[in-house]
Amino acid sequence: MGHPEKLRRRWDVLLPCLLFAYTEVPQKGVGFTPFELLFGHPLRDPLTLVKEGWEQPLKASKQDIVDYVFGLRSRMAEYMKQASKNLQASQELQKQWHDQKAVLIQYQPGQKVWVLEPVAPRALQDKWSGPHLMVETKGDVTYPADLGTARSPLRVIHVNRLKPYYDRADLTLLMATDEGQEEDSDPLPDLFSSTEEDFLVEGVVWADCLTAE
């Protein structure tokens, strides 16, 4: 193959080898290789051809072309049917793993929310915009929200791209009393008071080289 440092500069020459290795590996979701789903039979790499030559000599095929085409169509249809079943089972398994730690969040119509939207023209960067008004509920994970734009004022958004919006006026500091009632919390102490009593600290041991002045 050559020195690795030289191969790094010739990466484009190695792309066919990479694609060949990728197409012969079975995909976990569908259970088939990309080559099988595309051509209807397993990929025969050079080592497979050598193995077949050792086990049994190559013989000329006497299969009729019409029989081959019908067999290929039937085999590809069976592959696609089985791949669809495997993919559905894989999705169900992934959903079970995801739901183990997932928390269902529900929003009510009229509630204000933040919406996570991509930043144009940088599609890989997102930002929170809002507040936007929740119009109605549409299933457990999708909600139509009023984004206030002229092109698409009402858009269905997934719950993972939403978070609740709270007005500053509604955020108050409360503390629970012993009787189970709630009352306003004490105001914050004045840290910039000029009186010496506010700065008295008990139990402080001064070092020998320091004075309290």
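## Glu36 and its surroundings

Let's start with Glu36, a charged residue that sits in helix α3. In this predicted model, Glu36 has a relative accessible area of 14%, so it counts as buried, the cut-off being under 20%. Leaving out residues up to four places away in sequence, Glu36 touches His41, Pro42 and Tyr79. Its C-alpha atom is 8.5 Å from that of Thr23, and the two residues are 13 apart along the chain.

His41 is one of those partners, and it belongs to the loop between α3 and α4 (46–55). With a relative accessible area of 27%, His41 is partly exposed. Apart from residues up to four places away in sequence, His41 touches Phe35, Glu36 and Tyr79. Tyr79 lies 38 residues from His41 along the chain, yet their C-alpha atoms are separated by 9.4 Å.

## The loop before α3

Step back along the chain and you reach Thr33, in the loop between α2 (15–23) and α3 (34–39). Is Thr33 buried or exposed? Its relative accessibility is 7%, so Thr33 counts as buried. Setting aside neighbours within four places in sequence, Thr33 is in contact with Thr23, Glu24, Val25 and Pro26.

## Helix α5

Tyr79, which is in contact with both Glu36 and His41, is part of α5 and is buried there, along with Leu72, Ala83 and Ser90. What covers these buried residues of α5 includes α3.

How far apart are the end C-alpha atoms of α5? They are 51 Å apart, and that agrees with the span of 51 Å to be expected for 35 residues at 1.5 Å a residue.

## The largest nonpolar core

Further along the sequence there is a nonpolar core to look at. Nine residues make up the largest one: Tyr107, Val113, Val115, Met134, Tyr143, Ala145, Ile157, Val159 and Leu162. The elements giving two or more residues to this core are β1 (112–119) and β3 (142–146). As a general rule, nonpolar side chains in soluble globular proteins tend to be buried together.

Take Val159, one of the core residues. Not counting residues up to four places away in sequence, Val159 touches Ile105, Tyr107, Val141 and Tyr143. Tyr107 and Tyr143 are themselves in the core, while Ile105 and Val141 turn up in the lining of the largest pocket.

## The largest pocket

That pocket has a volume of about 320 Å³. Its lining consists of Lys95, His98, Asp99, Ala102, Val103, Leu104, Ile105, Asp140, Val141, His158, Val159 and Asn160. So Val159 is on both lists: it belongs to the core and it lines the pocket.

Which element gives the most to the lining? Helix α5 (residues 65–99) does, with three residues. By type, the lining residues split into six nonpolar, three polar and three charged.

## The whole chain

Zooming out, the protein has five helices and seven strands. Reading along the sequence, the order is α-α-α-α-α-β-β-β-β-β-β-β. Of the 213 residues in the protein, 13% are buried. Among contacts between residues at least 6 apart in sequence, 40% join residues at least 24 apart.

Note on methods:
Residues are numbered from 1 along each chain as its sequence is written. This is a predicted model: local features need pLDDT of at least 70, side-chain atom pairs count only at pLDDT 80 or more; totals for chains, interfaces and linings use all residues. Side-chain values use heavy atoms; hydrogens and water are left out. Helices (H or I, at least four residues) and strands (E, at least two) are DSSP runs, numbered from the N terminus. Buried means under 20% relative accessible area, exposed over 50%, partly exposed in between (1.4 Å probe, protein chains only). Contact means heavy atoms within 4.5 Å. A nonpolar core is a set of buried Ala, Val, Leu, Ile, Met, Phe, Trp, Tyr and Cys residues joined through side-chain atoms within 4.5 Å. On a 1 Å grid over the protein atoms alone, a cavity is a set of points where a 1.4 Å probe fits but cannot get out, and a pocket is an open set with protein on both sides within 12 Å along at least five of seven lines; lining residues have an atom within 4 Å of a point. Grid points are joined across faces, edges and corners, and a volume is the space filled by probe spheres set on the points. The expected span of a helix is 1.5 Å times one less than its number of residues.
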